[in-house]
Amino acid sequence: MVKGIEKSGIPVVHICTVVPISLTVGANRIVPATAIPYPLGDPTLAEPEEKKLRRKLIEKALETLTTEISEQTVF
Amino acid sequence: MKKIKVVHYINQFFAGIGGEEKADIKPEKKDGFMGPGIGLNGMFKEEAEIVGTIICGDSYFNENLEEAQAEVFEMIKSYEPDLFIAGPAFNAGRYGVACGAIAKYVKEELNIPVLTAMYKENPGVDMYAKDVHIIETGDSAASMRKVLPLMTSFALKLVKNEVIGTPEEEGYIPMGVRRNVFVDEIGGKRAVDMLVKKLNKEDFETEYPMPVFDNVEPGKAIKDLSKAKIALVTSGGIVPPGNPDKIESSSASKYGAYDITGVRNLEVACHETAHGGYDPSFANEDANRIVPLDVLRDMEDEGIIGELYNTFFSTVGNGTSVKNSLKYAEEFTKQLLADDVDAVILTST
């Protein structure tokens with residue numbers, strides 16, 4: 001899906017846990033996530049902490065979208 | 001003659017331990033054979049014997065690649081095998097990656113023949129086809145009966161150092177190895193014959209397939225986030241309560257487009273996952289863990305991003321073919337372009 005979207009020119013950031021798979025499917029901007037069943041969370045944390053963690057990941061993802069790249073990059 | 005000692009690697013599912021809720025189990029070893037190993041061992045007849053089976057949860061392996069690999073390797077080594085077999089993994093992505101990774105590692109470290117098997121679209125193929133022999137399977141365990149005999153006969157050939165035929169003859173996925181052979185006709189004649197066939201629109205077989213480079217150019221960076229319209233897309237199968245579009249839990253035949261106008265939080269909106277390839281309890285409890293709507297709404301309020309696009313797109317990535325995924329993305333991207341979306345955050349489980 002990443003490639004299907006990005007070939008239109010719209011930049012995509014892929015947040016995922018298994019980075020090697022993301023590289024294989026051709027994502028260009030990659031942000032490693034927490035875990036497979038909860039990429040943007042952590043059920044062991046209390047809710048405010050969990051949301052903070054999610055916010056951090058999103059901030060990082062947005063940063064990749066403002067960064068010019070020329071090849072596949074894991075941030 | 002001494003029996004060939006085989007060690008077999010399988011995941012938690014094929015070991016009968018459990019499905020996704022057990023995908024985080026750590027590696028363990030069991031003497032003898034189990035699961036698909038029962039079939040393999042039977043087909044080895046008296047020539048070889050599976051002396052040990054290593055089991056590891058797919059999520060555990062992929063989330064802890066290096067440690068898991070080292071732990072599994074020590075267990076394999078403890079049996080002093082002559083041959084290592086992993087899988088078959090069919091179209092299970094994390095399982096395929098685990099099989100490929102550990103097979104490659106064993107081949108390099110122990111210098112023994114290794115073999116795995118999976119479906120051609122499994123990400124493990126792209127990652128490891130160059131390193132290890134991978135027997136091609138169908139996309140589901142329904143092809144088990146066909147693939148096990150191929151695996152045992154091919155594995156015995158490897159161990160006995162017999163001549164290995166071409167991928168077509170043996171049923172393995174091409175490794176990109178070229179071997180010199182003698183042919184009757186000179187290159188010029190063969191090239192002209194091929195060209196004539198091509199001109200006549202007949203089938204011909206190239207002697208040197210070109211590599212396929214199909215990565216796409218990275219999209220241009222966004223200049224000003226505070227003016228950007230951001231869209232959310234997921235392969236994690238998040239859907240409104242009750243899964244109104246009935247997106248399948250694996251090999252999804254469709255995607256959903258869901259309006260989130262005025263929705264601030266997917267937990268409160270009771271969204272859930274239709275995905276059958278990971279433990280759904282965490283996503284069902286709080287879907288923001290997959291589609292981070294709550295945080296993006298906050299950032300929209302704070303003016304950090306211009307706006308959040310009011311539709312999110314979702315499908316189930318579990319076993320869904322590359323061709324279909326591409327088709328879904330091309331379809332909804334038309335809408336993204338029409339609505340001037342500047343960037344996409346795509347989340348995967």
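Select chain A to begin: this chain has 3 helices and 3 strands. The model is predicted. Followed from the N terminus, the elements of chain A run α-β-α-β-α-β. Measure along the principal axes and the C-alpha atoms of chain A fill a box of roughly 40 × 25 × 15 Å. Colour chain A by burial next: of its 75 residues, 52% are buried. A contact map of chain A, limited to residues at least 6 apart in sequence, has 41% of its contacts between residues at least 24 apart.

**Stop 1: where chain A touches chain B**

Now show both chains and select the residues in contact across them. Chain A gives 45 residues to this contact, and chain B gives 48 residues. Which elements of chain A give two or more residues to the side that touches chain B? They are α1 (2-6), β1 (12-16), α2 (19-25) and α3 (47-65). Select α3(A) among these: the largest share of this side, 7 residues, comes from α3(A). Colouring the chain A side by residue class gives 25 nonpolar, 12 polar and 8 charged residues.

**Stop 2: a strand pair across the two chains**

Keep β1(A) selected and add residues 343-347 of chain B, which form strand β13. The two strands run parallel and are joined by 4 bridges. To find one of the bridges, pick A:His14; its partner in β13(B) is B:Leu346.

**Stop 3: strand β3 of chain B**

Hide chain A and select residues 48-56 of chain B, which are strand β3. This strand is mostly covered, with 7 of its 9 residues buried. Two strands of chain B that pair with β3(B) can be added in turn.

- Add residues 4-11, strand β1 of chain B: this strand runs parallel to β3(B), and 8 bridges join the two. Label B:Val7 here and look across to B:Gly52 in β3(B), which stands opposite.
- Add residues 28-31, strand β2 of chain B: this strand runs antiparallel to β3(B), with 4 bridges between them. Label B:Lys29 and its opposite residue in β3(B), B:Ile54.

**Stop 4: the domains of chain B**

Show the whole of chain B and colour it by domain. The domain assignment gives domain 1 as residues 4-170 and domain 2 as residues 225-347. How far apart do the C-alpha centres of the two domains lie? The distance is 35 Å. Select the contact between these domains: 6 residues come from domain 1 of chain B and 6 residues from domain 2 of chain B. On the domain 1 side of this contact, the classes are 1 nonpolar, 1 polar and 4 charged residues.

**Stop 5: the largest nonpolar core**

The last selection is the largest nonpolar core, which has 116 residues. Helix α4 of chain B, residues 93-110, gives the most to this core, with 8 residues. The core also draws at least three residues from each of domain 1 (4-170) and domain 2 (225-347) of chain B. Which residues have the most contacts inside the core? They are B:Ile134 and B:Met151.

Centre the view on B:Ile134 and leave out its neighbours within four places in sequence. The residues in contact with B:Ile134 are then B:Thr116, B:Ala117, B:Met118, B:Val125, B:Tyr128, B:Ala129, B:Tyr172 and B:Ile173.

Conventions. Residues numbered from 1 in each chain as written. Chains lettered and ligands numbered in written order. Predicted model: local features only at pLDDT ≥ 70, side-chain atom pairs only at ≥ 80, totals over all residues. Contact = placed C-beta atoms within 7 Å. Nonpolar A, V, L, I, M, F, W, Y, C, P; charged D, E, K, R; others polar. Pairing = 2+ DSSP bridges. Buried ≥ 20, exposed ≤ 12 C-beta atoms within 10 Å, placed from the backbone. Domains from an automatic or database assignment. Core = buried A, V, L, I, M, F, W, Y, C linked by C-beta atoms within 7 Å.
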